[in-house]
Amino acid sequence: MASAMKPSSFTVIVTVDIPEDRVPEFLKVMEGDASGSRNSAIDPGCMRFDFIKSKDVPNRYFFYEIYDNEDSVAVHKTTAHYKAWADFKARGGVTK
């Protein structure tokens, strides 16, 4: 099902490189982040959350996120699923 972007929507595009030994943990964390983000009862302002692995660069991943507006991004950052991602990142799970 395609989602229509609203004129006031806010898009976030993130590129991360993950150390090879951290990829399994990263994938588990991102499974929870993507699942929570796509659940409108938990993250109502998130219209789309795509998680993509690079074909060209090993251990590089992209997040493509669309929110109702910038306030929705702020709400997203208060959720448990985002906190799991932020904690992973803070523990050195991202090299770029």
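**Strands, a helix and a ring cluster**

In this predicted model, three strands, 3 in number, form an open sheet in the order β1-β3-β2 with antiparallel pairing.

Q: Why is one side of β1 and of β2 left without a neighbour in the sheet?
A: β1 and β2 (46–53) each have a single partner strand, so they stand at the edges and one side of each remains free of a neighbour in the sheet. Neighbouring strands of this sheet are turned by 10 degrees against each other on average, direction ignored.

Q: How do you know that β2 and β3 pair?
A: Two strands pair if at least two bridges are found between them. Between β2 and β3 there are 7 bridges, in the antiparallel sense. One of the contacts across these strands is that of Phe51, whose bridge partner in β3 is Phe63.

Q: What makes the pair of Phe51 and Phe63 tilted?
A: The whole structure holds 10 aromatic pairs. For Phe51 and Phe63 the ring centres are 5.8 Å apart, and rings pair if their centres lie within 6.5 Å. Their planes stand at 45 degrees, which is neither under 30 degrees nor over 60, so the pair is tilted. Because Phe51 lies in strand β2 and Phe63 in strand β3, the pair ties together parts that are 12 residues apart in sequence.

Q: Why is Phe51 called partly exposed, and why is Phe63 called buried?
A: Buried means under 20% relative accessible area and exposed means over 50%. Phe51 has 26% relative accessibility, which lies in between, so Phe51 counts as partly exposed. Phe63 has 2%, which is under 20%, so Phe63 counts as buried.

Q: What makes the pair of Phe63 and Trp85 edge-to-face?
A: The angle between the planes is 80 degrees, with 5.2 Å centre to centre. An angle over 60 degrees counts as edge-to-face, so the pair takes that name. Phe63 in strand β3 and Trp85 in helix α3 are 22 residues apart, and the pair links these distant parts of the chain. Ring pairs also join residues into a cluster, among them Phe63, Trp85 and Phe88.

Q: How do you know that the buried residues of α3 line one face of the helix?
A: The buried residues of α3 are His81, Tyr82, Trp85, Phe88 and Gly93. Seen down the axis of α3, they fall within an arc of 120 degrees, so they line one face. The face turned away from the buried side carries the exposed residues Ala80 and Ala90.

Q: Why does Ala84 count as partly exposed?
A: Ala84 lies in helix α3. Its relative accessibility is 33%, between the limits of 20% and 50%, so Ala84 counts as partly exposed.

Conventions. Residues numbered from 1 in each chain as written. Predicted model: local features only at pLDDT ≥ 70, side-chain atom pairs only at ≥ 80, totals over all residues. Heavy atoms only, no water. Helix = DSSP H or I, 4+ residues; strand = E, 2+ residues; numbered from the N terminus. Buried < 20%, exposed > 50% of the residue type's maximum accessible area, 1.4 Å probe, protein only. Arc of directions from axis to C-beta. Axes fitted to C-alpha atoms, helices over the stretch in contact; angles between N-to-C directions. Phe/Tyr/Trp six-rings, centres within 6.5 Å; stacked < 30°, edge-to-face > 60°.
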